[in-house]
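Welcome, and please open your viewer. We will take this tour one selection at a time.

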Amino acid sequence: MNNPVVLVIEDDAPIRNLIVTTLKTHDYKYLTAKNGSEAILIASSHNPDVLFLDLGLPDMDGIDVIRQVRSWSNMPIIVISARSDDEDKIEALDAGADDYLTKPFSVEELLARLRVTIRRLALMSSDSSADRSVYTNGKLTIDYSAGIAWLDKDELKLTSMEYKLLCLLAKNTGKVLTHTFITQNIWGRSWENDIASLRVFMTTLRKKIEPMADSPKYIQTHIGIGYRMLKVD
Ligand code: CA
């Protein structure tokens, strides 16, 4: 994707300027909005590639911006917020945000999150064009129609739960999935002990797909929040 357009939604001028300067320096195009209603208007009229969204906006809560945008678009939303509680991050992710960054943030971190998101966009567009039933990521391959996964050329011996988990993460590569989202998708509910079971299944799945347990390449843990499948070269 050439020069993706980022819509920066932030009422705090110094932070907005910092983000805009960072984007300009790295050849990204940008648009800005100072409040929620302006953001929704620009998002719908200019169709940006990515949204950077502050949650504490003067006219409305950023969570409501996410819900409104999600009612008509899947454009990636990266929350940049001073709210650091897990509950706030989870609420934003469950409302449809793709990722979050807590203030104060480093410019490097901001750019890293943006790169992850843009790779996910590229992946999504290549997926929709071919309507692929085979997923590949690094050495990992999943044939959805056959229900088989491989690492390199070795077929993975996965339990049906591990396979379901792997597919859910793969189909949402690049996106942070909350514990609630995952357990709702797999068990249709989200009880405290489902989240405990999820940890167990995740541990056994990782043993089978991560060559180095100490430095996972495919599945990233967001402590207290959930998991994300990373795009691997
Ligand atoms: Ca604010």
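Strands here are DSSP runs of E with at least two residues, helices are runs of H or I with at least four, and both are numbered from the N terminus. Two strands pair if DSSP finds at least two bridges between them. This is a predicted model, where local features need pLDDT of at least 70, side-chain atom pairs count only at pLDDT 80 or more, and totals for chains, interfaces and linings use all residues. Residues are numbered from 1 along each chain as its sequence is written, and side-chain values use heavy atoms, with hydrogens and water left out.

**Stop one: β7 and β8.** Select residues 140-143 (β7), which run antiparallel to β8 and are joined to it by four bridges. Find Thr141: it stands opposite Trp150 in β8. Four residues lie between the two strands of this hairpin, and Gly147 in the turn has a positive phi of about 70°.

**Stop two: the faces of β8.** Now show the side chains of 148-151. Ala149 and Leu151 point to one face and are buried (under 20% relative accessible area, 1.4 Å probe, protein chains only). Ile148 and Trp150 point to the other face and are not buried.

**Stop three: β9.** Add residues 154-155, the strand β9, which pairs with β8 in the antiparallel sense over two bridges. Leu151 stands opposite Asp154. Two residues separate the strands in this hairpin, where Asp152 takes a positive phi near 60°.

**Last stop: domains.** Which domains supply the lining of the largest pocket? Colour domain 1 (5-126) and domain 2 (131-229), bounds that come from an automatic or database assignment: each gives at least three residues to that lining.

Notes
Buried < 20%, exposed > 50% of the residue type's maximum accessible area, 1.4 Å probe, protein only.
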